[in-house]
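Good morning, and thank you for making time for this presentation. I would ask you to keep the structure in view while I speak.

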Amino acid sequence: MDPAMIVIIAALTIGLIYGSVGLLSGFCMMSGLRGWWAEGDGRLARTYALAMGVAIAASQLLAAAGLVDLGKSIYLQPSFSAPVMFLGGLLFGYGMVLSNGCGSRALVLLGRGNLRSFVVVIVLGIFAEMTLKGLIAPARIAMVQASQATVSANSVPALLADIGLGAVPARMVAASVLAALLIIFAFAHAPFRKSPGQIAAGLIVGLLVAGGWYATGYLGADDFNPVPVTSLTFIAPIADALQYVMLSTGSTLNFGIVTVFGVFAGSLITAIATGRFQLEGYRSPQHMLRSASGAALMGAGGVMAFGCSVGQGLTGLSTLSLSSLIAIAGIMLGTGAGLRGSLRVRPLATA
């Protein structure tokens, strides 16, 4: 089979599984942090931590075995702008709270019949495209050009190698320590240990990240028609998917676009099969404005940060990239500002 077709089939499979798991488990960084910081329920946060640990361990095993060259991904480029990535993370994190979920969560909820998520997906995609290639792009490019730097070490293993460790030991130490810390953090919580569904969700999502790397970096490897080495991420792919829906003539399906369609389809099928499908809408114009504003921040911020809570929080982190750690720090701080403190997003008054 043509390698490009294998990548498309793998993307659809990964998307279908993610959509189903996301619906059944409630997998979402924002929901996890809100439950942990604001409500005292840390189970969803531990699910996300487990997914992080599994994604790091599985992805680094693929790289160590020579099956995938993670250095070809966007996360391990020698030059990047730390200030822009951090600012993008801040915008994305705060927007995620305003919209009550990230882009991947919006796709999952849309499959369940949540029409609020339809607005989030559309606005996010428009603002992502504006920031990538449209009206906001010149400002983004100017900020990147003014602040980007070329670094000698762009990942945690490279940093360890610079202080004397060999390349292979540095990768093993970095991956083992970070993955172990995240997995221990997840299972240190007694309620999480008693939640088999959440444990399964964390394991599956982490493996899906590695599956994306394997599909694009190994199964799709073709010297004559190479595909980008990537995995789960949702900002640019949502923008590309919207563009494909409108202008498919002459366009080509890719891993990201098909993953977006797969997540929606997986959630929809699961919602219908389990009786969870139910149409929902906005409570007020103010609710819609807040949600759309958050989607706009996520679209613009996600492009600036090179990814979202999944694209950087899971996929980027699995490469052990230093730029991903910067973006994740911004996302966490932005989310924290939206959940707690003077900038907290307060509940809307109900009529």
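**Helix packing, buried residues and pockets**

Helix α4 passes helix α16 in a right-handed crossing. Before I go further, please note that this is a predicted model. The axes of α4, residues 82–98, and α16, residues 322–339, come within 6 Å and cross at roughly 35°.

Which residues make this contact? On the α4 side they are Ala82, Met85, Phe86, Gly89, Leu90, Phe92, Gly93, Tyr94, Met96 and Val97. On the α16 side, the contributors include Ser323, Ile326, Ala327, Ala329, Gly330 and Ile331, and also Leu333, Gly334, Thr335, Ala337, Gly338 and Leu339. Sorted by class, the contact of α4 with α16 comprises 15 nonpolar and 7 polar residues, with no charged residues.

Allow me to stay with Ala82 for a moment. This residue belongs to helix α4. Is Ala82 buried or exposed? Neither term applies: Ala82 counts as partly exposed because its relative accessibility is 27%, and buried would require under 20%. The C-alpha atom of Ala82 is separated by 9.4 Å from that of Leu322, although the two residues are 240 residues apart along the chain.

I turn now to helix α15, residues 311–318. How many of its residues are buried? The count is 8 of 8, and the helix is accordingly described as mostly covered. The residues concerned are Gly311, Gln312, Gly313, Leu314, Thr315, Gly316, Leu317 and Ser318. What do the buried residues of α15 pack against? Their partners are α3, α4, α9 (167–187), α11 (196–219) and α16. The two helices of the right-handed crossing, α4 and α16, are thus among the partners of α15.

Beyond α15 comes Leu320, in the loop between α15 and α16. Its phi is near 65°, a positive value in a residue other than glycine. Leu320 counts as buried because its relative accessibility is 1%, where the cut-off is under 20%.

A positive phi also occurs at Asn100, which has a value of about 65° although Asn100 is not a glycine. Asn100 is located in the loop between α4 and α5. With a relative accessible area of 40%, Asn100 is partly exposed.

Next, I would draw your attention to two residues that touch each other, Thr47 and Ala201. Thr47 is placed in helix α3, which spans residues 43–64. Why does Thr47 count as buried? Its relative accessibility is 0%, and the class takes in values under 20%. Leaving aside residues up to four places away in sequence, Thr47 touches Phe27, Phe192, Gln198, Ala201 and Gly202.

Ala201 sits in helix α11. Ala201 is buried as well, because its relative accessibility is 2%. With the same exclusion of residues up to four places away in sequence, Ala201 touches Val21, Ser25 and Thr47. As for a residue at a distance, the C-alpha atoms of Ala201 and Ser147 are separated by 38 Å, with their positions 54 residues apart along the chain.

The final topic is the pockets. The largest pocket holds about 770 Å³ of space. It is lined by 30 residues, and the closest to its centre are Pro228, Thr230, Pro237, Asp240 and Asn254. Which elements give two or more residues to this lining? They are α1 (3–25), α12 (235–246), α13 (255–274) and α14 (285–304). By class, the lining of the largest pocket has 17 nonpolar, 10 polar and 3 charged residues.

The second largest pocket has a volume of about 620 Å³. Its lining is made up of 30 residues, with Arg34, Val97, Leu98, Ser99 and Asn100 nearest the centre. Two of these names have already come up: Val97 takes part in the contact of α4 with α16, and Asn100 is the loop residue with the positive phi. At least two lining residues each come from α2 (29–37), α4, α5 (103–111), α6 (115–132), α14 and α16. The lining of the second largest pocket divides into 12 nonpolar, 9 polar and 9 charged residues.

To close, let me return to α4. This helix crosses α16 in a right-handed sense, is packed against by buried residues of α15, and supplies residues to the lining of the second largest pocket. Thank you for your attention.

Conventions. Residues numbered from 1 in each chain as written. Predicted model: local features only at pLDDT ≥ 70, side-chain atom pairs only at ≥ 80, totals over all residues. Heavy atoms only, no water. Helix = DSSP H or I, 4+ residues; strand = E, 2+ residues; numbered from the N terminus. Buried < 20%, exposed > 50% of the residue type's maximum accessible area, 1.4 Å probe, protein only. Contact = heavy atoms within 4.5 Å. Axes fitted to C-alpha atoms, helices over the stretch in contact; angles between N-to-C directions. Left-handed = near helix turned anticlockwise from the far one by under 90°. Nonpolar A, V, L, I, M, F, W, Y, C, P; charged D, E, K, R; others polar. 1 Å grid on protein atoms, 1.4 Å probe; cavity = no way out; pocket = protein on both sides within 12 Å on 5 of 7 lines; lining within 4 Å. Points joined across faces, edges and corners; volume = space filled by probe spheres on them.
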